[in-house]
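User: Please take a close look at one part of this model: how the chains meet. Give me one connected account, with cut-offs where terms come up.

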Amino acid sequence: MVTLGARGLRVGYDRGTVLDDLTVDLTGGTRWVVLGANGSGKTTLLSVLSGALRPTAGQVLRNGQPLSYRPRALAEHRRVVQMVLQDPDDQLFSADVAADISFGPLNLGLSPDDALARVDEACALLTLDHLRDRPVHQLSGGERKRVAIAGAVAMRPQVLLLDEPTAGLDPEGIDDMLGVLDRLEEQGTTVVMATHDVDLALAWSTRALVVGGGTARVGDTTEILSDTSVISAARLRRPWPLELTARLIDAGLLPADGQAPRTMADVVALLDDR
Amino acid sequence: MVTLGARGLRVGYDRGTVLDDLTVDLTGGTRWVVLGANGSGKTTLLSVLSGALRPTAGQVLRNGQPLSYRPRALAEHRRVVQMVLQDPDDQLFSADVAADISFGPLNLGLSPDDALARVDEACALLTLDHLRDRPVHQLSGGERKRVAIAGAVAMRPQVLLLDEPTAGLDPEGIDDMLGVLDRLEEQGTTVVMATHDVDLALAWSTRALVVGGGTARVGDTTEILSDTSVISAARLRRPWPLELTARLIDAGLLPADGQAPRTMADVVALLDDR
Amino acid sequence: MHQPALDRAAWASRWRTRNVGDKALLSLGLLIVAVSAPVWPGGVAAGAMAVACALVWARVPVGIWARAVAAPTVFIAVGVLAVAISLDTSRSVDAVWRTGPIAITTPGLVRAAELVGRGFAGMTAVVLLAATTPMVDLLTGLRRLRIPDELIEVAALTYRMLFLFAATAGSLHRAQAARLGTTTLSGRFQTAGRVASRVFVLAWDRARRLEAGLAGRGYTGALRTVTPPRPHSMPFLIAATLLVTATAVLGWFPW
Amino acid sequence: MHIAEGFLPPVQAGLWFAVSAPFVVHGAREVVRISREKPEARLLLGAVGAFTFVLSAIKLPSVTGSSSHPTGTGAGAVLFKPPVMAFLGLVVLLFQSLLLAHGGLTTLGANVFSMAIVGPWAGYAVYRLCQSVRLPQMVGVFFAMAVANLTTYVVTSLQLAIAHPDPVGGFGAAAAKFLGIFALTQIPLALAEGVLGVLLFRGLVAI
């Protein structure tokens, strides 16, 4: 398994510093969220981890080794780590779906047949089969997001960095997206998702990285999101299951030593147990 | 007060009909949400109501009168009804914040001095004063959204149609946006917000219009969002306070005849009362 | 694209509220001295004055100023190199240094040195204006010169949209690089070409959507806006005139 | 590469303004005419101007690894005709000099002449020539882009040679020198821009 990390990372100069002396280690889980307010540097961090953006200072670590920016080392990194941008229009540039997805596999040096097999595989995983011959500009926003992810998945990365994959999706679209991420995880891919949906983060991820004010905190998602000092420093809010139980504990309606709930079912169970 | 409505509205693009024989009446409140899944026609409906998009069939009604598409009638309509698009870059044409906001007031025929007064007023309302000397390309997405809304607010519309004003905003940004909407409402503006955030819709609005499958349902927000048949037909989900209380009632933990909660405080109060 | 250093400096400038004409008088006055007076002492004086005005008077942050002049300085150096060398196949002149037909002569070096001074002075004079005046203000200023509104509007829209398209082009390029689209020469060509065509299509689309967005705001054909008045400052005008005149006198005076 | 600020004697700088003026005025009139006929054309022209600026900022792939940029005016000339490009080229050059300090204000006339007038016209002429002898469209696009690029640099070299005649060999030697330095290294880049143009237009046809 591949682990990513960063040591003394700094991006930007003078008044425009986004990340400042950031040291993190993404170990201990395969469902990661990167949380933070707008402008906290979530996207920047993912770009740096993916190798797309070179930090002003500091290093990206892969399996503990600093990433080199020589073309060959970078290409090697990109075989392992893929990033999907928030806006698929920043990423898709071919006329039709299948052509776009095949771009990466062909660049890996695969034969056209093998590349097509990768396209089939990615389309199946992302449930895009019915869309593969459609021009990209005819697709809806959610469909384009899936195509952009398919283009990254077709490279069979071990780590997939997703920037706000659920932004702009409706409830059904979010469920579909989480289903896709479940399937990816079953295949052994580590998924790192930047988001500011704290409810989703609590329900989906096991590990969280919170960025804000130039620094970062890493830990178990439930623990991190229960910590009001982290939450308020990062200008986030507590997910509703945690906020609700905290308020119920304050009101004496729940004992203070219960298990922190992650989903609605957990909340119902907590109240039922009482 | 101005009321908007539609009679037998039908909008078709080449790829299919988005709205089909839609008849609605936006009466009975000043905090409206338009809810629906992606592709259900929320944006199309707002565009039609704003006069920007001419329906294939049917009529837009303002105070019960059908809207005419003659230039003068349309200009009159736009003095009263303004729409803010989801992507602010579709609406901002000047890199200078104040200059861009002054565009609408000048088109109303105001003198430069009066237009500048409107710019000041809109900047104060949207808390944009500190951004006036920054170029639009230096602003964040949330800040651009506020500038786009200021451009509409400077025309002093009686109805403001907002397409996904909270999309892409972090929790603090959403709170700021809701604060802006509160101030607008205090000034007597009817705010209509398209969203697919059902939790937000429940907490903020009093009236809801749900579109999906070509038709629409209008009513009190809590009632509409409690109705599982409407919710599932529109491919939405129930807001968590309603879902949670429903599950607690099923589990026998709450009586079935309680008041439907809209916010977290309501939920805590319900559980406390029991 | 990163916001260019000059654009960043201009919007944050202490001189932002100054009248564009006032600032243009100072910068363009120094520019004229820089390119037309004898390079010593005129050009050097104009350059020194432009640097001092930018850093001391307008207080452009030194770091941003240095970033802004770094790239053009390289261009000046390359251009000067070309002037410094002479082609001399007949080997007839006294050369300081030669290899094959390429020779470096004393007159050539003198001209090159002159050009360094003139080029740097002229560039810093332009930078003085560019680092204190955002493009939108300059374009608004051009309206005064009776340039048709249509032309100003097209230029202003170009300015607004180039940042959008540059950001998209940068993202597209990085995304393709991430999918190993730039590891070979042919890959780099394919990627550059497709990024260009994609940006073109998105540009077209953006123009269409902006048209729809503006229609709702009452657009009927003119992109009229108002900007706060920026009155002339008599003290500034006097100081600028004195500085430019002093530089010119210094520059042309037969020392 | 544009002629930097201060690289032209004042008289020559003024003369290049005079030479460029009629073309730019003609193009500007055309832009005003189009804008008055169709108000929405302003938005489109602004988008095209921004696209041209961005295109000129894209790095041309090169074998040596040195970084160079396309002029981008050949594509514009084929799509929008040279007069419009004369005006949009002026806007792009003005922005380059004031946003990037690339080029200059007193040298604007000379740079407009090479990049916004001669380049687009030469590219457009070659494109029409290819059309008239019924060569495939992409062949025409290739030559239009390559010729627009190359002529721009040839003119720039000649302008510099006039301004800085060689102390030994005069104008002729200076022209040979500047052409040698710029135009010869520019030939591979002109070919590269031609290829880029073909890929650009192929992408447009596909989409």
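Analyst: Buried means under 20% relative accessible area, exposed means over 50%, and partly exposed lies in between (1.4 Å probe, protein chains only). This is a predicted model, in which local features need pLDDT of at least 70 and side-chain atom pairs need pLDDT 80 or more, while totals for chains, interfaces and linings use all residues. Residues count from 1 along each chain as its sequence is written, chains are lettered from A and ligands numbered from 1 in the order written, and side-chain values use heavy atoms, without hydrogens or water.

Start with D100(A). At 1% relative accessibility, D100(A) is buried. It sits in helix α3 of chain A, residues 97-107 (helices are DSSP runs of H or I with at least four residues, strands are runs of E with at least two, numbered from the N terminus). Its side chain makes a polar contact with the side chain of R179(C), at 2.7 Å (N or O atoms within 3.5 Å; within protein, one must be able to donate a hydrogen and the other to accept it, and sequence neighbours count only through side-chain atoms on both sides). Leaving out residues up to four places away in sequence, D100(A) touches L92(A), F93(A), S94(A) and R179(C) (contact is heavy atoms within 4.5 Å). So which chain does the partner of this polar contact belong to? R179 is in chain C.

Next, chain B against chain A. Here 25 residues of chain B are in contact with 26 residues of chain A. About 2,500 Å² is buried between them, and carbon and sulfur atoms give 63% of that area (accessible area lost when two parts are put together, 1.4 Å probe, summed over both). On the chain B side, D170(B), P171(B) and M264(B) lead: they supply 21% of the area that chain B buries against chain A, more than any other three residues.

Charge plays its part here as well. The rule finds 2 salt bridges across this interface (a Lys or Arg side-chain nitrogen within 4 Å of an Asp or Glu carboxyl oxygen). One of them pairs E172(B) with R235(A), at 2.9 Å from N to O. There are also 8 residue pairs in polar contact, both partners at pLDDT 80 or more. Three helices of chain B give two or more residues each to this side: α6 (171-186), α10 (240-250) and α11 (264-273). Of these, α11(B) gives the most, with 6 residues. By class, the side holds 13 nonpolar, 3 polar and 9 charged residues (Ala, Val, Leu, Ile, Met, Phe, Trp, Tyr, Cys and Pro are nonpolar; Asp, Glu, Lys and Arg are charged; the others, Gly among them, are polar).

Now chain D against chain C. This contact takes 62 residues from chain D and 75 residues from chain C. The two chains bury about 6,000 Å² between them, 82% of it on carbon and sulfur atoms. In chain D, the residues that lose the most area to chain C are R42(D), L43(D) and L99(D), together 12% of what that side buries. The rule finds 2 salt bridges across this interface. R42(D) takes part in one, with E153(C); the closest N and O atoms are 2.5 Å apart. Polar contacts link 10 residue pairs, both partners at pLDDT 80 or more. Five helices of chain D each supply at least two residues to the side that touches chain C: α1 (10-37), α2 (41-55), α3 (73-80), α4 (82-99) and α7 (170-206). That side divides into 46 nonpolar, 10 polar and 6 charged residues.

Behind that interface, chain D has 7 helices and 0 strands. Its C-alpha atoms fill a box of roughly 55 × 40 × 35 Å along the principal axes. Buried residues make up 61% of its 207 residues. Among contacts in chain D with a separation of 6 or more, 71% join residues 24 or more positions apart.

Last, the backbone. Most residues other than glycine have a negative phi, and most peptide bonds are trans. K81(D) has a positive phi near 75°. It lies in the loop between α3 and α4 of chain D and, at 41% relative accessibility, is partly exposed. A101(D) also has a positive phi, near 55°. It lies in the loop between α4 and α5 (108-132) of chain D, and is buried, with a relative accessible area of 5%. In chain C, a cis peptide bond joins W40(C) and P41(C), with omega about 5°. P41(C) is in helix α3 of chain C, residues 39-57.
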